[in-house]
Amino acid sequence: MSMLGRDTKKCPRCEAKCLLSQLRCPECGLVFSRMENATNKAGWQRLKNKEKDAVLYVNQVPPDLKKWKLILFTVLFGLFGGGYFYVKRWQRGIFYLIGFALLTISVVLNAYLVNVWDGLLIQLFGLFVGIYGVMWILDIIFVCTGKFKIPVSLPEEEKK
Ligand SMILES: [Zn+2]
C-alpha cells in the first residue's frame with residue numbers, strides 16, 4: 001500500500017500516519033470526528049485534575065480559542081510567555097517570565113554584574129536570555145505556520 005503525503009494525515013494523539021479517508025486511527029483508535037469537540041478549556045480542566053493521559057497536544061487551534069489572538073499574544077507579549085499563557089501552558093509561560101526577569105536584571109544591574117565571578121555570571125545570564133530570545137522567534141514562526149502545540153481534551157460528557 002503506497003502512502004502519498006497528500007493522501008495522509010497524522011493522528012493528533014499518537015502521530016501515526018493515517019489515510020485521509022480513515023475515520024479512526026488504526027494505531028490508537030482515536031475517532032477523528034470527535035476531535036472537533038475537543039477544547040482547550042477541557043484540556044486545562046484535565047491538566048488540573050492530573051489526567052494527563054486525556055490531554056492531547058495538537059497543532060490545530062481548538063474552537064474555544066482564536067488563531068488571531070494566539071498570534072497577537074505571541075508577537076506582542078511573547079517575551080512574557082503570552083502565547084503560552086493563552087493556551088494555558090503555564091509552566092512554559094513561567095519559564096518565559098523568568099527569562100524576561102533575567103533580561104531586565106542583566107540590563108539594569110549590568111555595571112554591577114560584570115564584576116561577579118569575573119564576568120561569568122553576566123555571561124550565563126546572556127546565554128539564557130539568548131536562548132529565550134531565539135525560542136520567542138521560533139514561537140512566532142510556529143504560531144504562524146500552525147505548528148504551535150495546544151493542549152486540548154474532550155469535554156466531560158453529560159456529567160449531571
Ligand atoms: Zn492514533
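I looked up R89 first and found it over the face of F148, at 5.9 Å from the ring centre. A charge counts as over a ring if NZ of Lys or CZ of Arg is within 6 Å of the ring centre and within 35 degrees of the ring normal.

A note to self on the source: this is a predicted model, where local features need pLDDT of at least 70, side-chain atom pairs count only at pLDDT 80 or more, and totals for chains, interfaces and linings use all residues. Residues are numbered from 1 along each chain as its sequence is written, and side-chain values use heavy atoms, with hydrogens and water left out.

Next I followed F148 into a cluster, where ring pairs link it with Y84, F95, Y96, F128 and Y132.

Then I checked the aromatic pairs and found 10 in the structure. Rings of Phe, Tyr and Trp (its six-membered ring) pair if their centres lie within 6.5 Å; planes under 30 degrees apart count as stacked, over 60 as edge-to-face and the rest as tilted.

I picked W44 and W90: their ring centres are 5.7 Å apart and their planes stand at 45 degrees, so I noted a tilted pair. W44 sits in helix α1 (residues 40–48) and W90 in helix α4 (residues 90–108), so to speak distant parts of the chain, 46 residues apart. Helices here are DSSP runs (H or I, at least four residues), numbered from the N terminus.

I also looked up exposure: W44 is partly exposed at 24% relative accessible area, and W90 is partly exposed at 36%. Partly exposed lies between buried (under 20%) and exposed (over 50%), with a 1.4 Å probe and protein chains only.

Terms used. Helices (H or I, at least four residues) and strands (E, at least two) are DSSP runs, numbered from the N terminus.
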